[in-house]
Structures are given as structure tokens and as C-alpha cells.
There are 2 protein chains.
Amino acid sequence: MTAEETSGSRRGARRAKTSRGGGRILQLPWRDLELPFAPLQIVGEEQIEAIHRTSMRILSELGIRVLSTKVMDLFEKAGALVDRETGTIRVGEEIVAEALKTVPASFTLTGRTPSKRLTIGGKHMVFGLVAGPPNVHDCINGRRTGNMKDYENFTRLAHHFNCIHIIGNQVAAPQELPANNRHLDTYRVNLTLSDLSFHCTAIGRGRAMDGINMMTIARGITPEQMAQDPGVITIISVNSPRLLDGEMADGLIAMAEHGQPVSITPFTLMGAMTPVSLPAALAQQNAEALFGVTLTQLVRKGAPVMYGAFTSNVDMKSGAPAFGTPENTKANLISGQLARRYKIPYRTSNANASNTVDLQAAYETSMATWGAVGGGANMIYHAAGWMEGGLTASYEKLILDVEILQNMMEVMRPIDFSEDELGFETIGSVPTGGHFFGTDHTLQRYETAFYQPMLSDWTNYGAWEAAGSKDALTRATALWQRALEEYEEPAMDPAIREELDAYVARRREDIGFGEP
Amino acid sequence: MTAEETSGSRRGARRAKTSRGGGRILQLPWRDLELPFAPLQIVGEEQIEAIHRTSMRILSELGIRVLSTKVMDLFEKAGALVDRETGTIRVGEEIVAEALKTVPASFTLTGRTPSKRLTIGGKHMVFGLVAGPPNVHDCINGRRTGNMKDYENFTRLAHHFNCIHIIGNQVAAPQELPANNRHLDTYRVNLTLSDLSFHCTAIGRGRAMDGINMMTIARGITPEQMAQDPGVITIISVNSPRLLDGEMADGLIAMAEHGQPVSITPFTLMGAMTPVSLPAALAQQNAEALFGVTLTQLVRKGAPVMYGAFTSNVDMKSGAPAFGTPENTKANLISGQLARRYKIPYRTSNANASNTVDLQAAYETSMATWGAVGGGANMIYHAAGWMEGGLTASYEKLILDVEILQNMMEVMRPIDFSEDELGFETIGSVPTGGHFFGTDHTLQRYETAFYQPMLSDWTNYGAWEAAGSKDALTRATALWQRALEEYEEPAMDPAIREELDAYVARRREDIGFGEP
């Protein structure tokens, strides 16, 4: 963070404060985040090598099954052993090592506001909106199926809160729209109601290309320019254990061909899609992730790619997925160690398994967030709004998460250690047992010295009771409503909007009843 | 952790599981905790030295005021500049450095069950019960003044839950009892309803000596034996800025003389008792803490002592204390760096400022807990039950905290990286896209593979709704009641109990209306 930005932040906080009491919700300014400490090393190098060795055996002896001739061709050309009948590809370590040589250690992502360009890699960290839930929930209207009105509102909230840096793949699918072309509608919403970069749907080449094309229109650049300056990204899920679906492979290939990044994320719930032991789960995750990473480089050397981790456990009594567990937290930490071993930008999540926005949602999310931050994640996907193990996008949970993310941003903010901040003179000016409320040092700084929370209430018990004893959940309901009122749609050139509309109309016609 | 303990843990989990559904609450076994990673270094050595240098100037140029002739004598003898009129003691760096040479890097604390001996220092970590609130709260009976019935119940809960290792100084003062001798009653409860070590009240020599004497009776050892094998500890608060009260000094001296540890904890809320800037607050905390540490060594070389940190910020709008804030989290991290610089065991807290057990209580506590754990705390004081900025001890908060602490314990548990756990054979035995539920590897491990939470509910939405849509707070209310039902009072030799009772009766008579 530059000094200029710090100063901007302070001015922002002062403005916000001045207008408080009916004014706008206090929030942190847009900020480029960098981890201020070396990530946690919860296991030693020897253990990391044990995972690596096991994953290399998985790749070379067991292989990955892919339902795509194109992928088989690419790997065969690179020297892998391909069984055409079963689609099993066995990959030697030298092929992986060769691919790793060309993986960029970091890349950028740019939406339609260049000043909000994201750097993905190194010590940089970005937070993403929840993606994928079939349902939405808020405390006023209850639980309902994903729909376009809520899709739009979540996009507005993602744009409104500066701590949300990127939109995931469909915050909640608008299920009233046809499945084969609703991605066009959601891309249009992403591009018009926000100025953020977003995740394309990568099921098939068509959906990936539509995301790429629509972002080039919105940015007013050519596909060639965007290949040099990426604008969209996607998640490539591995159907663990050891299966890459054909449609996913097509999406990956389209993105890599066009220089757009993908995150290879094996879906590895321990006890279900992997063995119950953490080392085995991580070895399998590592094999599957490196397979996808290698594939991107076979498509296009230097294509940007992320190491994705989604290892958590299931409840062995019910088979239900659990998140924010100690095992999930450890997986977040160790996956970071693995990604850094290979010098690949690292994506993980801070999910929870609660059915409602309660204490469990808060402590499980906090646990997973610290696992991700302590693990040096470069992107925390699903960072805002995830509830019910990913089956519901929640408005109140989004507010809770924004508060947690802003707290983390402030923990990460560099500290000024100048003599003035060390405050010897001021300490000497206050008598023993006295207080610092009235000192010049305090008066010069008090408005911006501390993070001012959005959701936390620090009034004393009497004042809190007199104001209606509102707990944080009640306050969260008021906050998302206020944020939607305060939301301002980012301006867009009408010609670009027309071009986007025309693209959507043309593609909707082209698709017709085709494309699954 | 030894293999034997793991095995014990697994057997325990199995037993608990077998008897589930009306059986006992699942919980982790008593465990010696060690941090599995190097603590986070959020600032560099240069910044740590800047804090050190400033704190040395505070000690040598400004000094600390102490209302105790005994303390002035001790420091004068050591070469400090003492102003007898104001009680101000200015301490040169060489005096501090000399004292630091004899501070033990770690020590032990033993209550009446020797197998539960605590190691304080190094990578070891212990969690303590909340201490000091004037009020108590639960969701059934509401908020009320501290009283003996609740004191007893909190002591039972601390004994019941294995993740609570030590009792703080009065979980909530029993205010119906006379202030000058109620410490005798609380010590007796600590010693009879639990077998844990506890914190004495250190306001004055008498209260400290009573704690020491009663623990020797309970353990059946002499004061000389206990000087070699400490049994109680206390918190010495500094009345920041730069004031040590006479009664506190007397308590410190009594404890150190008898070889019992103290934690020197400046009460440093930024903006009130220190400047608003974090470097200044930490410099002041460091000066005050090192003053107390030095004093312990002037009393008795080698006396066990802890570096205490309690730096957080106040709400600059209301002056109310705030905890679990980003500033508090950073202070927890940096204070650990300071304590390790001086090789002194480190005590901090995981407090929050919420008025109720809600989302805020959960995320602020989680934030502060990670600050403490990431900071390598050797003792997290107030770890279970703290609510309302320390003004209320809460039953539901205690349950929430036990879940958070157990999660942290499991994050810290070493991971087995044997070939069996790396699971190559098992991964090879499951077809691509299949699942691991039925494999031998899973069947051998599934009952104990994952941490089984007490408070989290991982059932799916439908099942959760059918069971009454109970949120975590509602479940917490049921859990503390069940824990009190399951609680078993630890056995005590009737002769020891008689001796304790006689001590209490005699001392109560001696004190009479004396001792403040």
C-alpha cells in the first residue's frame, strides 16, 4: 500500500464519519491487499515432499481420466501414456515439471475500471463473492430459489462493498431463466451493475467464450488485447477422484487459448471424494490440481492459472459436507505451502456449514478465513455471502463476511513506526494514572486511528439496551437494505451497453435450444 | 502429544460416540498443547527494536510511580533513581537486562492432580476461564449480579471441559459476600469443585498468601515444596499509564518471595490509558511490563513471571473499550514478538466487546483468538465465558468459546504423515469419479478421523428445519445445562477438606473487619 493510499483511506474514513447518523455506511476504501507476514508453515518441508511424491505416483501410476479427445491429444504429444479406451492419462513428473516452468507466478485481472486492476499472486490477496448456490435467503423474505432479482441485488452489494474484489460464477443461478443461455443474462448484470472482473461459467467452450467476448466489449478492447491483459477468470472443478469432465476441459482450453486465467480446483471432501486422512486428501488434490495446471500450459505456454484448494471433511455420521473445520483450516494452510512450492498463485475459500446466520456461521467462517489468510491465499473465493454449505447465498451472511474481511484488511495494513507514532513525548506529557483523551497526539488522530466497524456495536450495555437490544444479526438485516439504497450503478457508455445487448440477443438466437 | 495420548483421545472419542443420543457431551480429552508452527511475525526486527528503545527511554527518563516503600528500596538497591517524594522510579536498561538474565523461559503450574501439570512457556499453550466480571448472564435467567451459586457453576464448567486448563481470578465476584474475605470462599470453591490451578487475588499480601497456603493444603505439600513446584499464579495489573498500586506491589512481592508466578499485565487501552497509536501503546506496555518483570527478579532471582499484554483500543466516539478489533489482534501478534525477544512466557487474551452472545461475539473472539495463537501466547486468559467487554460472565459464551478453543486445539494437533495416511493404495482402489465411503481405509478411521464438534450442527437444511431450526445460541443453552448435569466433583480426602475449612474459618476470624 502506498502512502498516498493510506492518506486516501484516512480522508475516506473522515468523510464517511462526518456524514454519519443517517449518512452512508462506514466502509474501507478499495485497497490493494498484501500479506504483511510470511505465511504459516504448519508442516515441514519433508511433509510437503511426501505429499508431492505421492501425488506424482498418483499422476504417473494411476492417472487422471478425461472425457475429451483434445486433452488426450495434447498429453500424448507431451509424452504422457494415454489409454484411449478408458480416457486415462498417466503423466510423468518430467511433463509436470516442464509445464511448471512456464506458469506465471502472478498475473493481473482487469474489469472495466483499470484503476481496480487486481494482482493475483505473490503476497497479494483478493476476496470474491459467493458463487453457485441454488437458493438465496434473507431474514425478511426467507429462503427461496435463486432468481434474477436477487442475482442483481447481490451484484449491487458486491459492487458497493470495496472489500469484495471480484464476482464469482453466478452468486445464485436465476433459475427462472433457461439453463442453456442464462449465463448471458448474468454476464450482462455483472458488467452493467458492477465494474468488477468476474468468473465465467466454464461448462463448455461457448459459455467461456461469451464471458471473454462480453468483457472485451465492456472494456472496449480486442480479444488480442485481452489475451495480454486478462479480464475474466474461471473455476475448473475436477470431478474428484481423478476425473475431468469433457465440458470442463473444453472451458479450460477456451480460456487458456485466449490467455484468460483459470483456477484448477479439485472438489475434495475427505471421506467422500478422497480418503479420510488429510495427507491422502492433499496428495490427491495436488495430483488433480497439477494435472489441470499442466494442461493449461500444453494449451498455451504462459497461460495464467491458479492452484485451487477445496479440501474439507464430511460429517461421517450423515455424509454432509462440513467447512470451517479444523481439518479444512489445516488444508487451507498446507495447500498454501504446496502452491508456493510450485510458485503458482493460490485460490482457496472460507466456507462454513451452518444452516443459518448464527454463531456457528461466524466462527466456522472466521476459522476458515484465518486458514486462508495464514496460508497466504491469493484469492479467497466464496468470501462473502456463503451459507448452508454453499446451498444458499445469504444477505445477512454477506454483511457478516464484509465485516470479517474488513477486519482482516486492517490486520494486514502496514503500521507506521515513525517517532511520532512511537509517541515518547506524548507518553511523557500525561501524568501517571492519567489519561490520553485530551492530548494533541490523540486529537490529531482520533477520527482515523482505529478501524471503525460497520456491524460491531461497542456502546455500553445500558445504551445498547435502551436502543432496543439489537443483536448483530438484526443489525445486519438493516445494513444490507441500507447498502442497496446507497448503491450507485457505475456509468457505462450507451454505445457499449447497446453492443452488449446486441451480443446477448445474437448469441441467444444462435444457441436456440442447443448447448447443454 | 504422545502416541499414547492420541490413542487415549481416540478411545475417548469412540466411547463418547458410542453413548451418543442422551450420552455425554462430546469433548476433546485433556491435552498438552504445543504450537505446531513458528508464530507470525507481523513486524520486523527493526520495529521490535524501535519499541524496545522507546520503552527503555520511558523507564529511564520518565519512570514508573509506585506507592510502595518496599519497591522503592528494592529498586534503589539495584541502582535505579528513586524520587521518594513522588514515588517515581527511573530504571536504566542495565538493571532490566540484569533482571532478564534470571527470568525462567518456562515454568510449571500444578493443581491437585499432578497429571494435569501445566507447562507455561516455549511452544506450550493453556486456556483460562474468564475472570473479573461483576455480572453473570444466561439465556434462561438473564443478567444478574455475580453471586456464589453462579461462581460454583462456572467452576464446575471449567472443571468439566478439558480445554479449560486454569481458573482465573474470580469468574464473577460473589457480591453477596463481604469483600474483605470472599476470596477465601472462592479459593475453597476452586479447590473443591475443580482440581485446576487458579489465579489468586493479588490485591494485598494477605489474599496472595491465602491462595498459596490453601493450595499447599489441597496438594498436601509444604510451602517450601510449592516454591519449587508452583501451584498458583496471579495477574499483576499496572494502573496505566506508569503507575503501580501499593496493594498490587505487595501481592507481587508475596508471590515472588514464595516462588509463585505472576503475570505483569499493563491495562493499556489505546486512546485512554495510552496514546492512540499502536507503536506508542506497545512501547508503554513494554516499559510497564518489564518494570514488573524486573521487580520480580529483585524480590527473588529466578522467580517465574509472565509478560502480560492487554492492549486494545477504545471506541473514540464513546470511550467504551473494544476488543477483538484489528488493532487488538495486531497487538496480540506483536506482543508475542516482544515477549520472545526477552524470552519471557507470554500471556494475552481473546476478548470481545459484544453486549450479547451474537455474531459479533463470535467473530471478535475468533479474531482475538487467532491473534493470540498466531502470536504464540503461552496463556490465553479470559479464554472461556468473557462477554460485554468483561463486565459479564456468560454461560452461552463459555460454550461458544469451548467450541472455538477445541477447534484451535485440533488445528494445532500434529498430523501423521505415514505411508498409510498418505493413502496411495486406497486412492488407487477407488474408480475415477467414485467415492471412498466404503473403503477399508475409511472404515478403519471414520469414527475418529475428524474433530466432532459439540456446538456445530452439520445436518442438512431439511433435517435441521424438521428438528426445530435451532440456531447455535439455542443449542448452547442446552449444552451448558447438560454439562452441569454431567459434571462430576473431583474426589478430595476428607482430612484435607477439613483442613481447608479450618483454614478458611481461622483466617476469616483473623481478618475480621480488617484488610481492605
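Two residues count as in contact here if their C-beta atoms, placed from the backbone, lie within 7 Å. By that yardstick, 96 residues from chain A and 96 residues from chain B make up the contact. This is a predicted model, where local features need pLDDT of at least 70 and side-chain atom pairs count only at pLDDT 80 or more, while totals for chains, interfaces and linings use all residues. Residues are numbered from 1 along each chain as its sequence is written, and chains are lettered from A in the order in which they are written.

On the side of chain A that touches chain B, helix α12 (residues 359–374) of chain A gives the largest share, 9 residues. Helices here are DSSP runs of H or I with at least four residues, strands are runs of E with at least two, and both are numbered from the N terminus.

Now for the symmetry. A turn of 180 degrees with a shift of 0.0 Å along the axis lays chain A on chain B with an RMSD of 0.0 Å, superposed by least squares on the C-alpha atoms of residues with pLDDT of at least 70 in both. The two copies are therefore related as by a two-fold rotation axis. The same surface serves both, as 100% of the contact residues of chain A recur in chain B.

Next, look at strand β18 (residues 346–349) of chain A. Strands pair if DSSP finds at least two bridges between them. β18(A) runs parallel to strand β16 (residues 305–308) of chain A over 2 bridges, with A:Arg347 as the bridge partner of A:Gly308. Another 3 bridges join β18(A) to the parallel strand β19 (residues 379–384) of chain A, where A:Tyr381 stands opposite A:Ser349.
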